[in-house]
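Reader: I have a model open and would like to go through its helix packing and its cysteines with you. Could we start with how such packing is described?

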Amino acid sequence: MGAITPLGRTPETFWENLVAGKSGVGPMTLCDPTDYPCQISAEVGDFDPEEYINPKEARRMARFSQLAVAAGLMAVESAHLEMYREDPFRVGVILGNGNGGFPTLEENCRLLVKRGGMRMSPFFFPMVLPNMATANVSRFVGAQGYNSTSTTACAASNQAIGEAMEVIRRGVADVVLAGGTEAGISQLGLAGFAVMRALSTRNNDPQAASRPFDAGRDGFVPAEGSVILVLESLKHALARNAVIFAEVAGFGSTADASHPVQPEESGASAAEAMRLHVVVEEPVEVRPDMDATLARGLK
């Protein structure tokens, strides 16, 4: 597992802070929110991409790609996945994200208007396209197999994990790095969601602002981060004596075919997605030698 989040820059610190009930929400610093009703966000405040990527490469990536590469490298290392022993064409990457490089898009649009299009970055497209996080993770870990990007908004990362399971079940890959990345905190994103009245305005209590199941909820909180898991077939995991943390037991996907942003009121499509899941025939027991707290949480 690899995790670069507002609650911690490793899976361990993320988990400790999560079960302790801590919040990663605070005052927004990645852009100026002065003119907007929402002035809070969940940011990876101490993230330095050069801890994971050489400076030249880091400058040519949008932040969502930087976060993904960091999480991907961490995941491969923590899984003890020795790529030189693997067939690179049997190792894939599937990541989800909602909008790609929004801050980079905004920055280059400003340059276009103020100074002309020829002053834009020559790396504009490689930085902003949503699939570039997947491409960069593949490049940095040496994964040359199945490669795809899910951009299904809030469902993107979950769908990426489910699709990775299906790719492995089909026999297309032995290993797939799957998860998601997002780093869209910018005035462009902030304005777009603010005019929809989709954001929380609990600026005076940021620690309690993200409360989706509360009767007093008032919107979501802009956030960023990346989490990537190493998924592999049971046969492959056992052959290399991998520590197995969890099992993806099934996957189902449906569409409401209803409102552009609101869930369909009956919940029929969500219920059907749950019914569609495919149960894996070989259940995996969580090993007793893994961290007990993490084991209890994942089970």
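Author: Let me begin with what an axis is here: a line fitted to C-alpha atoms, for helices over the stretch in contact, with angles running from 0 to 180 degrees between N-to-C directions. Please keep in mind that this is a predicted model.

Reader: Fine. At roughly what angle do the axes of α4 and α8 cross?

Author: The axes of helix α4, residues 102–115, and helix α8, residues 187–195, cross at roughly 105° and come within 8 Å of each other. That crossing makes α4 roughly perpendicular to α8.

Reader: Which residues of α4 and α8 meet there?

Author: On the α4 side they are Phe-102, Leu-105, Glu-106 and Arg-110, and these meet Gln-187, Leu-188 and Gly-189 of α8. Sorted by class, this contact of α4 with α8 has three nonpolar, two polar and two charged residues.

Reader: And α3 with α6, how do their axes cross?

Author: Helix α3 (residues 63–78) and helix α6 (residues 132–141) have axes that cross at roughly 40° and come within 9 Å. The two helices, α3 and α6, are therefore oblique to each other, and α3 passes α6 in a right-handed crossing.

Reader: What makes the contact between α3 and α6?

Author: From α3 come Phe-64, Ser-65, Ala-68, Val-69, Gly-72, Leu-73 and Val-76, while α6 brings Met-132, Ala-133, Asn-136, Val-137, Phe-140 and Val-141. By class, the contact of α3 with α6 has 10 nonpolar, three polar and no charged residues.

Reader: Staying with α3, is Gln-66 buried or exposed?

Author: Gln-66, which has its place in helix α3, counts as buried because its relative accessibility is 9%, and the cut-off for buried is under 20%. Leaving aside neighbours within four places in sequence, Gln-66 is in contact with Phe-47, Pro-49, Ile-53, Ala-58 and Met-61.

Reader: Changing topic to the cysteines, how many disulfides does the count come to?

Author: The count comes to zero disulfides, where the rule asks for a pair of cysteine sulfur atoms within 2.5 Å.

Reader: Why is there no bond for Cys-109?

Author: Its closest cysteine sulfur, in Cys-31, is 15 Å from the sulfur of Cys-109, so the two are too far for a bond. Cys-109 is partly exposed, with a relative accessible area of 39%.

Reader: What about the sulfur of Cys-154?

Author: For Cys-154 the closest cysteine sulfur is in Cys-38, at 15 Å, and therefore too far for a bond. Cys-154 counts as exposed, with 85% relative accessibility.

Definitions and conventions. Residues numbered from 1 in each chain as written. Predicted model: local features only at pLDDT ≥ 70, side-chain atom pairs only at ≥ 80, totals over all residues. Heavy atoms only, no water. Buried < 20%, exposed > 50% of the residue type's maximum accessible area, 1.4 Å probe, protein only. Helix = DSSP H or I, 4+ residues; strand = E, 2+ residues; numbered from the N terminus. Parallel < 35°, antiparallel > 145°, perpendicular 65-115°, else oblique. Contact = heavy atoms within 4.5 Å. Nonpolar A, V, L, I, M, F, W, Y, C, P; charged D, E, K, R; others polar. Left-handed = near helix turned anticlockwise from the far one by under 90°.
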